[in-house]
Amino acid sequence: MAKGNSAGTRYCYIILLTMLIGMYVIINMPIEQTEGSFFLTYVVQPFCWAAVVFFVWWLPRTGIAGKLRLRRLLNWLALLSAGFYIIFQLVGGMVEGFGKSPSSFTLLGITSNIVYVSSFLAGMEIARAYLIHRLVKRCLHLKLGLLVVFFTVLNIPFSMLTGFRTGFEFAKVAGSVILPGLAENAAASYLAYLGGPLPALIYRGALQAFQWFCPVLPDPSWTTKALLGTFIPGFSLFMFHRLYLLESRDLRRSKAAQENPAGWIITSVASVLLVWFSVGIFAYYPSVILSGSMMPGIKRGDIVLLRKITGDEVRIGDVIHFHRDKMLITHRVLEIKEDHGVKVFRTKGDNNSGPDPELVSPQQVKGKVIFVIPKIGWATLLVKMLTGAIKPGINSQGTEF
């Protein structure tokens, strides 16, 4: 890498930041899917990323914060962490299903995507490593955090950052895109801080290769994306730091024994299981009561614990959880009858004056109430009111409560 004089290169990081912002503008240009869009995506953008790489190559070398003898360890940690993340995504796909990859798997499509992804990653990670070692000599945590945010934004389409209309849509984008992006970029930035661009390239390259070149991809819900995408890179970051300090002997083994990470790991796993329980992956799941139709036994703001059941398991007197259109309702079964040879259920809220106008089919049944936890669902209730998911004074069936 050529040596420039310090006066000429003192503010080159500003030029580099400007180039990255310019790349973000180019990537997010609103163009129609034509031959021109193919040229912009697979020719112009790789050429611009190559310009970023050559510009950083021209700048004076910057040292790395880590020990040179441990660079191979960092590369292996990066690869293993990416593999760990991919395995968890596959497990999520086994639970929630898989979908077909949107990438093209023709020879032209694969070649074009290799050029696009490799140029994008090379430009991004080489620029990241340079900026980290150029800017974080002082105020390490603050500047490193700002760079993590900056590179996270660069990886998120502008339309996604501005396209949400409600608080719930923002929560979905934040949970499934922004928070996982922050976690992944934090891990990549820490790798770049310790070992330069190569371990960060290995880490993100493995993840991007899986997303772009695997013909079948996991298709989890946004809540599972938020959970896996935030926890796994965060856990990897913790292990990077821990193992690196141990191997570099900056952390005494006696102290490491006293600060055994098992408690942190157990807490994290418990948190994962709690979130998965909340989103209904297991046989039991919770639900917040939004109306007073089941008073006095079940009040608004209570949380009910439900067991997943089939329609054949429903009995008269059971309080069942079922969906009707886009609503979820918790009412008691008054009667089981047949309608044109098909078993159906007549339901009623204990506090309602009459039975529900529509019968419930076995396919609509999700679960059966087995336990009630009073009051602790009020926080969720308030959030739903603030985001417009429910309106004060109206219950799930559109009648006053």
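Helices and strands here are DSSP runs, with at least four residues for a helix and at least two for a strand, numbered from the N terminus. Counted that way, the protein has 13 helices and eight strands. Keep in mind as you click around that this is a predicted model.

**The whole chain**

Start with everything shown. There are 401 residues in the protein, and 39% of them are buried. Now think about contacts with a separation of 6 or more: residues 24 or more positions apart account for 70% of those.

**Stop 1: helix H5 and its partners**

Select residues 107-135, which is H5, and then add H6, residues 140-154. The two axes come within 10 Å and cross at roughly 160°. An angle over 145 degrees counts as roughly antiparallel, so H5 is roughly antiparallel to H6. The crossing is right-handed. To see who touches whom, show side chains for Met124, Ala127, Arg128, Leu131, Ile132 and Leu135 on H5, and for Lys143, Leu144, Leu147, Phe151 and Leu154 on H6. By class, that contact has nine nonpolar residues, two charged ones and no polar ones.

Keep H5 on screen, hide H6 and bring in H9, residues 197-213. Here the axes are 10 Å apart and the packing angle is about 150°, which makes H5 roughly antiparallel to H9 too. This crossing is also right-handed. The contact of H5 with H9 has 15 nonpolar, three polar and three charged residues.

Next, swap H9 for H2, residues 12-27. H2 and H5 have axes that come within 11 Å and cross at roughly 145°. Which hand does the crossing of H2 and H5 have? It's left-handed. On the H2 side, pick out Cys12, Tyr13, Leu16, Leu17 and Leu20; on the H5 side, Ala127, Tyr130, Leu131, Arg134 and Leu135. Nine of the residues in this contact are nonpolar, one is charged and none is polar. You've met some of these H5 names already: Ala127, Leu131 and Leu135 are listed in the contact with H6 and in the contact with H2.

**Stop 2: helix H4**

Select residues 71-96 for H4, a run of 26 residues. From first C-alpha to last, H4 reaches 38 Å, close to the 38 Å expected at 1.5 Å a residue. Color its buried residues: Leu74, Asn75, Leu77, Ala78, Ser81, Ala82, Tyr85, Ile86, Gln89, Gly92 and Gly93. Then step off the end to Gly97, which follows H4 and has a positive phi, near 110°.

**Stop 3: Leu227 in helix H10**

Jump to residues 222-248, helix H10, and find Leu227. Is Leu227 buried or exposed? Buried: its relative accessible area is 11%, and the cut-off for buried is under 20%. Now draw a distance from its C-alpha to that of Leu179. You should get 9.3 Å, for two residues 48 apart along the chain.

**Stop 4: the strands**

Go to the loop between strand E3 (284-288) and strand E4 (303-308), where Pro296 sits. Check the peptide bond from Met295 to Pro296: it's cis, with omega near 5°. For context, most peptide bonds are trans.

Finish at strand E6, residues 327-339, and select Thr330. With 10% relative accessibility, Thr330 counts as buried. What is Thr330 in contact with, leaving aside neighbours within four places in sequence? Show Ile289, Met294, Val319, Ile320, His321 and Val369, and you have its contacts.

Definitions and conventions. Residues numbered from 1 in each chain as written. Predicted model: local features only at pLDDT ≥ 70, side-chain atom pairs only at ≥ 80, totals over all residues. Heavy atoms only, no water. Axes fitted to C-alpha atoms, helices over the stretch in contact; angles between N-to-C directions. Parallel < 35°, antiparallel > 145°, perpendicular 65-115°, else oblique. Left-handed = near helix turned anticlockwise from the far one by under 90°. Contact = heavy atoms within 4.5 Å. Nonpolar A, V, L, I, M, F, W, Y, C, P; charged D, E, K, R; others polar. Expected span 1.5 Å × (residues − 1). Buried < 20%, exposed > 50% of the residue type's maximum accessible area, 1.4 Å probe, protein only.
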